[in-house]
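Good morning, colleagues. Please take a moment to look at the structure on the screen before I begin.

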Amino acid sequence: MTSLRVSSLTLLVANLVAIQVVEGCLYTIEQIVIGEESAKDYSKPREYTICSRRDITVGKLDYSNKLIPGSGDSPIPLRSNLYIKCGTSGGRENKCIVRGGDVQVDGTNYFGLDKSDVIENVVIEGITFIGTSRYSVWATKRGDITFIDCEWKEITEAYVPLYFDYFNAANRNSYLDVNFIGCDFRNNKFYGDGAYPAVIVANGEQNRLNLERNLFIKNDYEFNNTQFQSNSFLIETSGLLNMELNCFSENKIGVAPVASYGTQILSERNFGTQSNGRKCKYIARFDTQVQFDSFAPGCSNYETVEFCERFLTNSPSSSPSNYPTDIPTGNPTSEPSPSPSYVPTDIPSSSPTTAEPSHSPTLSSSPSVSSKPSDTIPSSSPSIEPSVTPLMEPTTSSAAVWSYIFSIIIISISIILIEM
């Protein structure tokens, strides 16, 4: 018995020594980048807390997609098992803002820290994203990303605010699952020629969306869109879509709030007011090539007509990461559709995006209907709001840890001596 207690004591001390008590919070995205660069094992969860009331400006990119020095912080890099939150509680009320830049959240291999092809178990909580020149969120890797209590607002010059474009011809049963839980999308506008006419785009059947208890309010995708009656949405997807308890209010959309292309949709208790599309009130379903060519989608209405049930808690909702297993695969070709905005994915026409777009959107009187967003030419001049130098680094309370360790050792030795 004595040897067993000694072995248990040794294990307890080893576990205590491994614990690092970190105080403080992060003031810049660069601190997250440094932490990720020094991480040795990405299979272990890592948590970063951005200080409350921080307003962080993301930098611009040059012609080779390198950050222009002095223009702002790097994009938030996504790696597996990463948790980033605003303030101690992780709530949006803590006022963490990420604004500007060309790409604010990077889940690609274009600007990231490494060249891995997986971003699993990623959670971002309580952050407000404002304005961007290309994408607020861009992800092209398999895995799963969850946004909780985040907000996207006043994005008026982007290719598309949120763009998910994973594709793997060799493994058509692999997916990028993206969850939005309790988020807001407000006061965003369509930019013009070359931009996608939607706030969220899931391009291809290997990109799956789950939206629960989100609010879309005062988004204008008829603005600067001369073909809004046939090319204007809030959400477009070619992959599985689950919608529960979402609310749409005072949005301007030419066709429908949601467009699906040859995909399965699960929709329950969603509400809309002053947000009906001109073609379909809620969902426009393009399930066949004939429907697409003739612009004659099947239409679905909002399920809830009395009021927004977003904040009701007496009804269960599905887990953000649980998706039905009976996902239709059809008979896909080797190459998916270039964009869910224009062709159903069950009748693909070309390969997905594999590189940066080639030119910047312009405010045109005749927006494009078929072209993919193309590359921008970033300004060579730095942002007027450079990133803030970290004011406080995380510190380790080693004295408290060792005091606790020695207390445990003394108590355990006393117990051993008594029983001997």
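Tyr-261 and Phe-286 are both buried in this predicted model. Their rings have centres 5.4 Å apart and planes at 10°, so they count as a stacked pair. Tyr-261 belongs to strand β22, residues 258–261, and Phe-286 to strand β25, residues 283–286; the pair therefore ties together parts that are 25 residues apart in sequence.

Where do these strands belong? Nine strands form an open sheet, and β22 and β25 stand next to each other in its order, which runs β4-β7-β10-β13-β16-β19-β22-β25-β26. The pairing in this sheet is mixed. Its edge strands, each paired on one side only, are β4 (76–77) and β26 (298–300). Within the sheet, one may look at β10, residues 135–139, and β13, residues 162–164, which pair in the parallel sense over three bridges. Ala-139 stands opposite Phe-164 of β13.

Let me now turn to the aromatic residues. The structure holds 22 aromatic pairs. One of them joins Phe-129 and Trp-152: with centres 5.3 Å apart and planes at 15°, the pair is stacked. Phe-129 lies in strand β9 (residues 127–130) and Trp-152 in strand β12 (residues 151–153), 23 residues apart. Phe-129 counts as buried because its relative accessibility is 0%, and Trp-152 is buried with a relative accessible area of 0%. Both residues belong to one aromatic cluster, whose members also include Phe-164, Phe-180 and Tyr-302.

Finally, which charged ends sit over rings? That of Lys-189 sits over the ring of Phe-223, 4.6 Å from its centre. The charged end of Arg-208 sits over the ring of Tyr-175, 3.9 Å from the ring centre.

Key:
Residues numbered from 1 in each chain as written. Predicted model: local features only at pLDDT ≥ 70, side-chain atom pairs only at ≥ 80, totals over all residues. Heavy atoms only, no water. Pairing = 2+ DSSP bridges. Helix = DSSP H or I, 4+ residues; strand = E, 2+ residues; numbered from the N terminus. Phe/Tyr/Trp six-rings, centres within 6.5 Å; stacked < 30°, edge-to-face > 60°. Buried < 20%, exposed > 50% of the residue type's maximum accessible area, 1.4 Å probe, protein only. Lys NZ or Arg CZ within 6 Å of the ring centre and 35° of its normal.
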